[in-house]
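Open the model in your viewer and show both chains as cartoon, with side chains available for selection. The tour starts where the chains meet and then moves inward.

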Amino acid sequence: MRTSMPENSTPLETILCERYCFLDEHLVSQEAVFAFVGEQAKQLNLCDDSSQLTHDLKEREKEQTTGLMDGIAIPHAKSASVIHPSIIVVRNEFPISWETLDGAPVQHIFALLVPEQQNTLHLEILSRLATNLLDDDFKRRVLSEREPHQLSEYICKKIYEGANK
Amino acid sequence: MNIVGIASCPVGVAHTPMAAKALTKAGEQLGHTMKMEQQGGMGRINEITAQDIASADFLLIASDQKIEGMDRFEGKIPILRVNINTCIKAPEAVINKCVKAVIAKKNEQ
């Protein structure tokens with residue numbers, strides 16, 4: 001496994017930055033969440049076909065739920081429409097019905113956008129977000145942080161730290 | 001016990017490393033030696049070797065899908081399969097249950 005980040009590039013900022021964080025949404029359903037992610041990804045130039053991405057997110061969800069515990073879900077899809085790997089964070093003002101491991105509805109969504117072609121380092125970064133969500137301190141912080149800039153910076157920092165473990 | 005395992009899920013980016021991490025952490029906390037292979041978006045990570053198999057008590061498959069390289073294990077050690085989400089949600093319970101089942105099977109023979 002790679003344990004170092006390339007020196008002159010800033011891969012983390014292209015994967016997650018404050019513009020990818022939407023922290024006070026009012027989406028009414030899981031379907032609305034997938035449509036929202038597709039839309040925003042297109043507007044942010046992270047994907048070139050919002051309906052394709054939305055469809056791929058739905059299909060992956062059908063295979064196996066991405067609802068976890070404590071109101072968190074990590075919808076993700078490997079999609080031909082994804083231009084480069086990225087994370088879109090959505091926090092909803094109210095809980096949304098979602099099939100989860102602990103039965104609780106979802107309010108914190110970390111959507112992982114994965115391109116079809118393999119790029120190990122980027123996939124590793126997305127994986128680190130997922131595994132960090134198993135850690136109580138990380139979870140507590142990302143669930144409560146209200147500022148997009150602080151949140152994206154914190155997540156990037158923890159993911160980068162994971163590179164050196 | 002010495003436990004080897006393989007975690008695998010469709011995209012292989014999130015659930016796979018999560019299950020691997022959760023099971024490793026839980027297993028070690030329970031006093032077992034754990035080695036978790038991942039099969040997913042990044043190919044095979046931490047591949048289980050013949051040496052690992054020789055000293056292992058059983059294989060735990062954290063997955064509902066087809067696993068590659070199963071011939072490594074045929075006829076060697078007991079194989080148990082558990083849904084990957086269950087492994088993320090309740091890794092200690094999964095390990096305890098598997099250990100119990102393996103011991104019970106051994107006592108039968």
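Select the boundary between chain A and chain B. In this predicted model, zero salt bridges are counted between chain A and chain B. Polar contacts are present there: five residue pairs, both residues at pLDDT 80 or more.

Next, colour the contact residues by chain. Chain A contributes 24 residues and chain B contributes 19 residues. Between them, chain A and chain B bury about 1900 Å², and carbon and sulfur atoms account for 71% of that area. On the chain A side, pick A:Gln64, A:Leu101 and A:Leu134, which lose the most area to chain B and together make up 31% of what that side buries.

Which elements of chain A supply at least two residues each to the side that touches chain B? Select α3 (50-63), β3, β5 and α4 (120-132) of chain A. Of the contributions to this side, the one from α4(A) is the most, with seven residues.

Now hide chain B for a moment and select strand β5 of chain A, residues 106-115. Nine of the 10 residues of β5(A) are buried, so the strand is largely enclosed by the rest of the structure.

Add the strands paired with β5(A), taking each in turn:

- β2(A), residues 72-73, is parallel to β5(A), with two bridges. Look for A:Ile72, whose bridge partner in β5(A) is A:His108.
- β3(A), residues 76-79, also runs parallel to β5(A), joined by four bridges. Here A:His76 is opposite A:Leu112.
- β4(A), residues 86-96, runs antiparallel to β5(A), with seven bridges. In this pairing A:Ile88 is opposite A:Ala111.

Keep A:Ile88 selected and show its surroundings. Leaving out residues up to four places away in sequence, A:Ile88 touches A:Tyr20, A:Phe22, A:Val37, A:Ala41, A:Leu46, A:Ile109, A:Phe110, A:Ala111 and A:Leu113.

Bring chain B back and expand to the largest nonpolar core, which has 80 residues. Which of its members touch the most other members? They are A:Ile87, A:Ile88, A:Val89, A:Phe110, A:Leu113, A:Ile155 and, from the other chain, B:Leu23. The largest share of this core comes from β5(A), with seven residues. In soluble globular proteins, nonpolar side chains tend to be buried together.

For the last stop, select B:Ile6, B:Ile53, B:Ile61 and B:Ile77. These are among the residues of a second, separate core of 10 residues.

Conventions. Residues are numbered from 1 along each chain as its sequence is written. Chains are lettered from A and ligands numbered from 1 in the order in which they are written. This is a predicted model: local features need pLDDT of at least 70, side-chain atom pairs count only at pLDDT 80 or more; totals for chains, interfaces and linings use all residues. Side-chain values use heavy atoms; hydrogens and water are left out. A nonpolar core is a set of buried Ala, Val, Leu, Ile, Met, Phe, Trp, Tyr and Cys residues joined through side-chain atoms within 4.5 Å. Buried means under 20% relative accessible area, exposed over 50%, partly exposed in between (1.4 Å probe, protein chains only). Contact means heavy atoms within 4.5 Å. Two strands pair if DSSP finds at least two bridges between them. Buried area is the accessible area (1.4 Å probe) that two parts lose on being put together, summed over both. A salt bridge is a side-chain nitrogen of Lys or Arg within 4 Å of a carboxyl oxygen of Asp or Glu. A polar contact is a pair of N or O atoms within 3.5 Å; within protein, one must be able to donate a hydrogen and the other to accept it, and residues adjacent in sequence count only if both atoms are side-chain atoms.
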